[in-house]
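Visitor: I would like to learn how to read a protein model feature by feature. Could you walk me through one?

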Amino acid sequence: MGIKTLLCGESKNVEYKLTPPSRSINYTKTAVAFANGQGGCLVFGVEDQTLRVVGIAEDKVFTVMDSISDAIVNSCEPMIIPDITMHDVNGKTVIVAEIAPGLQRPYHIKSLGQEQGTFVRVAGTTRQADQPTIRELTIEGSSRSFDQVQCLGLSVTEEDVEALCASLTKTAKDNAEDPAKVKTVTEKQLLQWGVLAEQDGRLVPTNAYAILTGNTAVRSVVQCGVFKGTTKAVFVDRREFVGTPQELIEESYQYVLRNIHMGARFKGVYRQDVYEIPPDAVRELIVNAIVHRSYIDHSSIQIAIYDNRLEITSPGRLPMGQTIERMKQGYSKIRNEALASAFEYMGYIEHWGSGILRVMQEVRDAGLSEPEFLGGDTDLRINIYRNGSETGSDDGIVTGLRRDSLSDDGIVTGLRRDSLSDDGIAEETTSKTNAAPNAAIAVVPSQKERILDALRKNASISISDAIRILGVQERQAQRILKSLVEEGSAVKIGAARATRYAETKKRTEPHE
């Protein structure tokens, strides 16, 4: 790092000291923080508030350099050896102590001990590390992956292994273009990934096994919420999902789709749903959060929907060697190696490192601002800003948030939450106020119409089918189906779990 760059102000990797403090711990703890992170430079002879270069007296330069080196080497454990240099800035001498990222983490101040003496950099400041961070640093220093470590207190049977293999195989086939090409997962494969381990001639489950089976031995929770405005001051709705990664991905993904706006594109008589945020980008970010989060940190993944943005927060600092800048360039650093292997097999990850690049491209293609990446010191937060305007896109489709918005060719898009009737079913009325003269108005099909269309195409559908088609909760799907039955447009077949629904004209049994 050049001296000019070092004098641009304090940052995550740069800290100023006017003179070496009388108590060396005032800068050795920052040396520890740099070693536990991405490295950094301590610059002596610069005033941090004004950036004024004061310099170190010439007759004391070498003495000061020796004292800085001795303090860092003798105070830190494992040993940190700084690269200390002096630089001339407008006739004044500045001392720079460069600390490289350490490989024997966690580093700490000897006199304070590991628990009290481990420090990290957070938002350009040096802070004492908490226990989850110390455990994360310990895992990094041992060159292990937390998810490949044995899950203490958990056991596994042959039936358990078979059930997990079947579950992973099913997901892989469901996600594959050609299910016939998907190879069945075996016990041997789980051992190679690190989902299982061998100890004294027997199989033992790792933390990855607990995560993949939804076992509470390793906490894996996704919290979702909708908020009024742009802060968390007022809740509109909140949900918490637990279970296997497949369940977490699907439930949180559907939750987002239910709570962002959707319009439609019509090509002839065919309708194509158009969400304000690309669904593939939403799904990719959720997958990334689940596979790359820190499971040492007991916090939850948080998905928050505000009036102006979708915000996804993944617990845990970025893995050693990873930065936001490198991540946005497609560089991948795997934190959970066993999970990453399983996710790649299941088709959630195509090529390591390409996911964020795809998200950025899809968001740009949708006409939205580039995703915002924040944090990385204690967690990673990604914001996708929603488009609240009512202007048309290049293909003539209005992406605004009102149902009465029409493009020049009369295409209606953008469903507003308040366009729902009291029972939660979308109304079919459309304002013609902004329509061009003689414009043909294409009415966006309601939820009822979507179910009727499915009934016409299939002999019958279940509650689960309706939930998938509409992207709503079970209670809402039941309400819509009940309404169709009461209108005489559909009939109910069977009872309890075997209940299905069919179009009236297809009914062959006596009406219930």
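Guide: Happy to; we will go from the whole chain to a sheet, a helix, the cores and the aromatic rings. Please keep in mind that this is a predicted model.

Visitor: Let's begin with the whole chain. How many helices and strands does the chain have?

Guide: The chain has 16 helices and 20 strands. Of its 512 residues, 47% count as buried. Contacts add another view: among those with a separation of 6 or more, 60% join residues 24 or more positions apart.

Visitor: Now a sheet. What is the strand order in the open sheet of 4 strands?

Guide: The order is β1-β2-β5-β4, and the pairing is mixed. At the edges are β1 (14-17) and β4 (83-89), each of which pairs on one side only. From one strand to the next, the twist averages 25 degrees.

Visitor: In which sense do β1 and β2 pair?

Guide: β1 and β2 (residues 40-44) are parallel, with 4 bridges between them. To find a register point, look at E15, whose bridge partner in β2 is L42.

Visitor: Which helix lies across β1, β2 and β5?

Guide: That is α2 (residues 25-36), which runs at about 160 degrees to β2.

Visitor: Could we look at a single strand residue? What does T93 touch, leaving aside neighbours within four places in sequence?

Guide: T93 lies in strand β5. Its contacts are G55, I56, E58, V61, M86 and H87. Take G55: it is 38 residues from T93 along the chain, with 4.8 Å between the two C-alpha atoms. T93 counts as buried because its relative accessibility is 14%, under the 20% cut-off.

Visitor: On to helices. How should I read which residues of a helix are buried?

Guide: The general idea is that an α-helix has 3.6 residues a turn, so residues three or four places apart point the same way. In this structure, try α5 (residues 131-141), where the buried residues are T133, I134, E136, L137, I139 and E140. Their cover includes α2, α4 (113-117) and β7 (119-122).

Visitor: There is a glutamate in that list. Is E136 buried or exposed?

Guide: E136, found in helix α5, counts as buried at 6% relative accessibility. Not counting residues up to four places away in sequence, E136 touches S294, I296 and R335. Just after α5, you can also check the backbone at S143, where phi is positive, about 60 degrees.

Visitor: What is the idea behind a nonpolar core?

Guide: In soluble globular proteins, nonpolar side chains tend to be buried together. Here the largest nonpolar core has 68 residues, and L190, V195, L212, I303 and F343 touch the most other members. The helix that gives the most to this core is α10 (residues 279-292), with 8 residues. A second, separate core has 24 residues, including Y27, A71, C76 and A97.

Visitor: What is V195 in contact with, beyond its neighbours within four places in sequence?

Guide: V195 is in contact with L164, L190, P205, T206, A208, Y209, L212 and A338.

Visitor: C76 makes me think of disulfides. How many does the structure hold?

Guide: In general, a disulfide is a covalent bond between the sulfur atoms of two cysteines. This structure holds 0 disulfides. Two cysteines are worth a look for their surroundings: C76 is buried, with a relative accessible area of 1%, whereas C8 is exposed at 62%.

Visitor: Last topic: how do I describe aromatic rings?

Guide: A pair of aromatic rings is described by the distance of the centres and the angle of the planes. The structure holds 6 aromatic pairs. One of them joins W193 and Y345, tilted, at 5.7 Å centre to centre and 50 degrees between the planes. W193 is in α7 (residues 187-193) and Y345 in α12 (residues 337-346), so the pair ties together parts 152 residues apart in sequence. W193 counts as buried, at 10% relative accessibility.

Visitor: Why is the pair of F227 and F235 called tilted?

Guide: The planes of F227 and F235 are at 40 degrees, with the ring centres 4.5 Å apart, so the pair is tilted; that label covers angles that are neither under 30 degrees nor over 60. F227 is buried, at 5% relative accessible area, while F235 counts as partly exposed at 38%. Ring pairs link F227, F235 and Y306 into a cluster.

Technical notes
Residues numbered from 1 in each chain as written. Predicted model: local features only at pLDDT ≥ 70, side-chain atom pairs only at ≥ 80, totals over all residues. Heavy atoms only, no water. Pairing = 2+ DSSP bridges. Helix = DSSP H or I, 4+ residues; strand = E, 2+ residues; numbered from the N terminus. Axes fitted to C-alpha atoms, helices over the stretch in contact; angles between N-to-C directions. Contact = heavy atoms within 4.5 Å. Buried < 20%, exposed > 50% of the residue type's maximum accessible area, 1.4 Å probe, protein only. Core = buried A, V, L, I, M, F, W, Y, C linked by side-chain atoms within 4.5 Å. Disulfide = S-S within 2.5 Å. Phe/Tyr/Trp six-rings, centres within 6.5 Å; stacked < 30°, edge-to-face > 60°.
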